[in-house]
Amino acid sequence: MKVVVHIDEASRWRKALESAFPDATVVTSEAAANERQNADYLAVWQPPEWLLAEQTQLKGIINLGAGVDALLATPGLPAGVPIVKLRDAGMAEPMADYVLYGVLHFYRGFDDYARQQQGAHWHPRPLPDKAEWPVAILGLGAIGQQVAQALAGAGFPVCGWSRHAKHIEGVDCHHGEAGLNAVLGRARTLVTLLPDTAETRGLLDAGRLAQLPEGATLINPGRGALIDERALLDALGDGTAHGHLRGALLDVFTTEPLPAASPLWHHPRVAITPHVSAPTPLDGAIHQVIGYLRTFEAGDTPATVNPGAGY
């Protein structure tokens, strides 16, 4: 068995896989071309086109992250090769922490207090009842479900939307176009955790952002392509006063790193983090990859990505 690894810290992955499979050949994408070719498996994150082009006998591709949009968009991706991805692998807990922080940031008015500090103003805000702060989550996959339950456990009313009907304890679940309209109309904070697919790309355009209640807030730790960034800036206003939306916490963007010229950097109602909401814990991810390889080598196929659906 030959495995080629392409990711930051690839040498750590290589050593762990060599330990688990002492009879295998495990190399990184930095190895010589003749060492990389004819691999049985690729374990990769955002692989270059040339790495895919070198392979002629792949049995499987393991995507070293939960989002597969970058992999599926890579030119030369071989047709018919099973693709599997990391499924949670310990990412749900840090994602829930990030989203809960964002909700509390707006719920407790810390965005307004930060602006007050700039002018040395002392104006305590009344604390709203959590029951009056509904949070809507778009995307109820494995991570979205745990985020929703964490918010519900913190006392916030939570509604969620997915393409297909789901039932989650403590969460008011909706699906379909009518369900999307319903959750948008209720959200004081909207959280986007959908994958990047043809159906979700640009989902939050000017029309859908306008469906949010006046003064609503937005948290996006999912995929940058879900949001029309120009429409979001218009909805936030010029920064001197509230637009239709009060503020946004953004972790992902259409182009990453976010270009220095983007007006999002300097908008006073936008908080930016550099795609850090749910880093993949290395130990949990490696354990999952080892399991995938053992399943493949046993002649079985793990649960695979549907390239047509995008996840």
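This passage describes the local features of a predicted model, taking in turn the aromatic pairs, a helix, the backbone, the cysteines and an enclosed cavity.

Four aromatic pairs are present in the structure. In one of them, the rings of Tyr41 and Phe296 have centres 5.4 Å apart and planes at 35 degrees, so the pair is classed as tilted. Because Tyr41 belongs to strand S3 (residues 41-44) and Phe296 to helix H11 (residues 282-297), this pair ties together parts of the structure that are 255 residues apart in sequence. Both partners are counted as buried, Tyr41 with a relative accessible area of 1% and Phe296 with 9% relative accessibility. A further pair is formed by Phe110 and Tyr113, whose ring centres are 6.5 Å apart and whose planes stand at 50 degrees, so that this pair, too, is tilted. Here the partners are three residues apart in helix H6 (residues 110-118), a separation of about one helical turn. Phe110, at 41% relative accessibility, is partly exposed, and Tyr113 is likewise partly exposed, with a relative accessible area of 28%. Ring pairs also link Tyr107, Trp133 and Phe156 into a cluster.

Helix H1 (residues 10-20) has a buried side, on which the residues Ala10, Trp13 and Leu17 are found to be buried. These three residues cover an arc of only 60 degrees around the axis, which places them on the same side of H1. The exposed residues Lys15 and Ser19, by contrast, are carried on the face of H1 that is turned away from the buried side. The loop between strand S1 (2-6) and H1 contains Glu9, a residue that is not a glycine and yet has a positive phi of about 60 degrees.

Other parts of the backbone also deserve description. Most residues other than glycine have a negative phi, and most peptide bonds are trans. Asn38, which is not a glycine, nevertheless has a positive phi of about 60 degrees. Asn38 is placed in the loop between helix H2 (33-36) and S3, where its relative accessible area of 37% makes it partly exposed. With regard to peptide bonds, the one that joins Glu256 and Pro257 is cis, with an omega of about -5 degrees. Pro257 is located in the loop between strand S11 (245-250) and strand S12 (270-272).

Strand S11 also includes Leu245, which is buried, with a relative accessible area of 0%. The C-alpha atoms of Leu245 and Asp234 are 9.1 Å apart in space, while the two residues are 11 residues apart in sequence. A further separation concerns Gly153 and Gly170, which are 17 residues apart along the chain and have C-alpha atoms separated by 8.4 Å. Gly153 lies in helix H7 (residues 142-153) and, with a relative accessible area of 69%, is exposed.

The cysteines were examined for possible bonds between them. A disulfide is a covalent bond between the sulfur atoms of two cysteines. When a pair of sulfur atoms within 2.5 Å is required, the count comes to zero disulfides. For Cys159, the closest cysteine sulfur is that of Cys173, at 9.2 Å, which is too far for a bond. The converse also holds, because the cysteine sulfur closest to that of Cys173 is in Cys159, again at 9.2 Å and too far for a bond. Cys159 itself counts as buried, at 1% relative accessibility.

The search for enclosed space gave a single result. Rolling a probe the size of a water molecule over the atoms shows where empty space is left. One cavity of 30 Å³ or more is held by the structure, and the volume of the largest cavity is about 40 Å³. The residues that line the largest cavity are Asn220, Gly224, Ile227, Glu229, Leu232, Leu250, Val252, Phe253 and Leu264. When the lining of the largest cavity is sorted by class, six residues are nonpolar, two are polar and one is charged.

How values were computed
Residues are numbered from 1 along each chain as its sequence is written. This is a predicted model: local features need pLDDT of at least 70, side-chain atom pairs count only at pLDDT 80 or more; totals for chains, interfaces and linings use all residues. Side-chain values use heavy atoms; hydrogens and water are left out. On a 1 Å grid over the protein atoms alone, a cavity is a set of points where a 1.4 Å probe fits but cannot get out, and a pocket is an open set with protein on both sides within 12 Å along at least five of seven lines; lining residues have an atom within 4 Å of a point. Grid points are joined across faces, edges and corners, and a volume is the space filled by probe spheres set on the points. Ala, Val, Leu, Ile, Met, Phe, Trp, Tyr, Cys and Pro count as nonpolar, Asp, Glu, Lys and Arg as charged, and the others, Gly among them, as polar. Buried means under 20% relative accessible area, exposed over 50%, partly exposed in between (1.4 Å probe, protein chains only). Rings of Phe, Tyr and Trp (its six-membered ring) pair if their centres lie within 6.5 Å; planes under 30 degrees apart count as stacked, over 60 as edge-to-face and the rest as tilted. Helices (H or I, at least four residues) and strands (E, at least two) are DSSP runs, numbered from the N terminus. The arc is that of the directions from the helix axis to the C-beta atoms.
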